[in-house]
Amino acid sequence: MHAPSLWQALHQRRYLRSGWPWRCALYFLTSVPVGAAVLVCLLVLALAGGLLTVVLVGVPLLLTLVLAGLPVAQVERRRLRLIDPAVPLADAHQDPPHTGPAAWLRTRLQERSTWRELGYALLFGFLLWPLEAVVIGTIIGVSGGLISTPLVMATAGGGEEARVIKLWLVHSYPAAFAVALAGLLLLPLLAYPLGLLAAGRAQLTRLLLDAPPSHDDVRVKELSRSRMRLVNAFEAERRRIERDLHDGAQQRLVALSMRLGLARLDAHEEPLAGLLAEAHGEAQAALVELRELIRGIHPRILTDRGLAAAIEDVADRSPVPVDLDLDLPHRFLEAVESAVYFAVCEALANVAKHSRATRATVEARVDQGQLVVRVRDNGVGGANEADGTGLEGVADRISVLGGHLLVSSPSGGPTLFRLLVPCTPAPDRRPDAPPAR
């Protein structure tokens, strides 16, 4: 069951007894130093960049000013969890199509989210945090001033009189304690407008930092779902073909090979013995080819033991020595495991055929809800995703799952294949299944 939102908590009787008023106060208190820091950074970047533009040094500073909204938005998304934890505000940025700072910068400058976040940073730095400082300062000043009246009277007034929030004087301790009691009673009354202001502030943050989906985005999502259904159907058909070949044609070839072997033992005359030996050899070769075909369609080890074991298997069969660094704590969806496995196979095949490398490395781990796989070699480089159908097919297959294939292969090497695939655990798939036969 999800925790109630701030709007829902404001309508509940136990709002004052909950932690929501304190969370709202903490949100406004942290707005003040964060907003002041944002204002200082914006002014410094704008002034320094404007003054130094004539000597070209200011151009990077102005570019940094344009991108200043990115870290501000990241901080604001984390601060928003104080008062709106039910639905975290997701990052609206996309991964660049290629590696390197140039591709990243080009992607960020072309995104609407970058300019929305810059607008939010300007609004936050020049308007929002001063208003929030007034709000939280007024609440703390009024209630704190009333509550601290007896202490002020005992220290500053010498026990004779005290000025209450600089408005009127009290001349006795009973009157001072009565004012302090009024301050305590005022705190619950101020908690409600504080919560309303915090809820409105959270709504404003969501409005500015959460890019609303357009009609095209909805159509793209539906297209992605249909492509995913096709991929699942394709994977199911591949597994059916693999199962039929493994349990049907392969078993028949094994039986035929055994019968031919027994016939060879009984046949001692030529040319029958030679013909049987030749037929037995052909059956053995066909059986080997069929096993390789089955492995290429869908390896049994991937189904039985998971992605890590399948990558270890293909690394053992690679003609180039491969170092492995795999941290995969659980099984994934079948489509994810299959796509990543064949992507690693294609990458290692390219290493063996084209890179002239003497060693390769495969790393795989889960990072922030994404399966990150890196295949690196020490070869001569020069690989290009657009040069062959292999890498292009891998990129298409990964993109159906919402992932990306990034290739960095400068002339002279090294070459790095980087896969980023959104993944979710598949708890119904046992990671400790018996080994494949």
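The following legends describe an overall view and several close-up views of a predicted model.

**Figure 1. Overall view of the predicted protein model.** The secondary structure of the protein consists of 14 helices and seven strands. Of its 437 residues, 37% are buried, and the protein exposes about 24,900 Å², of which carbon and sulfur atoms supply 63%. When contacts between residues at least 6 apart in sequence are considered, 69% of them join residues that are at least 24 apart.

**Figure 2. Close-up of the largest nonpolar core, with Tyr341 among its members.** This core contains 42 residues, and those that touch the most other members are Leu307, Val340, Tyr341, Val344, Leu348 and Leu371. Two or more residues are given to this core by each of the elements α11 (300-305), α12, α13 (334-355), β4, β5, α14 (389-400), β6 (404-408) and β7. Helix α13 provides the largest share of this core, 12 residues. Apart from this core lies another one, of 33 residues, which includes Phe28, Val38, Leu128 and Ala202. In soluble globular proteins, nonpolar side chains tend to be buried together.

**Figure 3. Close-up of helix α12 and of the contacts made by Tyr341.** Helix α12, which spans residues 307-316, is mostly covered, with seven of its 10 residues buried. The buried residues of α12 are Leu307, Ala309, Ala310, Ile311, Asp313, Val314 and Ala315. When neighbours within four places in sequence are left aside, Tyr341 is in contact with Leu307, Ala310 and Val314, and also with Pro299, Leu302 and Arg317.

**Figure 4. Close-up of the second largest pocket and its lining.** The space in this pocket amounts to about 620 Å³. The pocket is lined by 19 residues, of which Asp91, Asp95, Asp367, Gln368 and Gln370 are the closest to its centre. By class, the lining of this second largest pocket comprises nine charged, seven nonpolar and three polar residues. At least two lining residues are supplied by each of the elements α4 (69-80), β4 (360-367), β5 (370-377) and β7 (415-422).

**Figure 5. Close-up of Glu117 in helix α6.** Glu117 is found in α6, a helix that covers residues 112-147. With a relative accessibility of 1%, Glu117 counts as buried, because the cut-off for that class is under 20% relative accessible area. Leaving aside neighbours within four places in sequence, Glu117 is in contact with Gly69, Leu70, Ala73, Arg77, His93 and Leu209.

**Figure 6. Close-up of Leu52 in helix α2.** Leu52 has its place in α2, which runs over residues 20-52. This leucine, Leu52, has a relative accessible area of 34% and is therefore partly exposed, that class lying between the limits of 20% and 50%. Not counting residues up to four places away in sequence, Leu52 touches Val57, Gly58 and Leu61. The C-alpha atoms of Leu52 and Leu62 are 9.7 Å apart in space, while the two residues are 10 residues apart in sequence.

**Figure 7. Close-up of Glu392 in helix α14.** Glu392, which is found in helix α14, has a relative accessible area of 40% and is therefore partly exposed. Glu392 and Leu405 are separated by 13 residues in sequence and, from C-alpha to C-alpha, by 9.2 Å in space. Helix α14 is also among the elements that give two or more residues to the largest nonpolar core.

Conventions:
Residues numbered from 1 in each chain as written. Predicted model: local features only at pLDDT ≥ 70, side-chain atom pairs only at ≥ 80, totals over all residues. Heavy atoms only, no water. Helix = DSSP H or I, 4+ residues; strand = E, 2+ residues; numbered from the N terminus. Buried < 20%, exposed > 50% of the residue type's maximum accessible area, 1.4 Å probe, protein only. Contact = heavy atoms within 4.5 Å. Areas by Shrake-Rupley, 256 points an atom, 1.4 Å probe, with all protein chains shown as cover. 1 Å grid on protein atoms, 1.4 Å probe; cavity = no way out; pocket = protein on both sides within 12 Å on 5 of 7 lines; lining within 4 Å. Points joined across faces, edges and corners; volume = space filled by probe spheres on them. Nonpolar A, V, L, I, M, F, W, Y, C, P; charged D, E, K, R; others polar. Core = buried A, V, L, I, M, F, W, Y, C linked by side-chain atoms within 4.5 Å.
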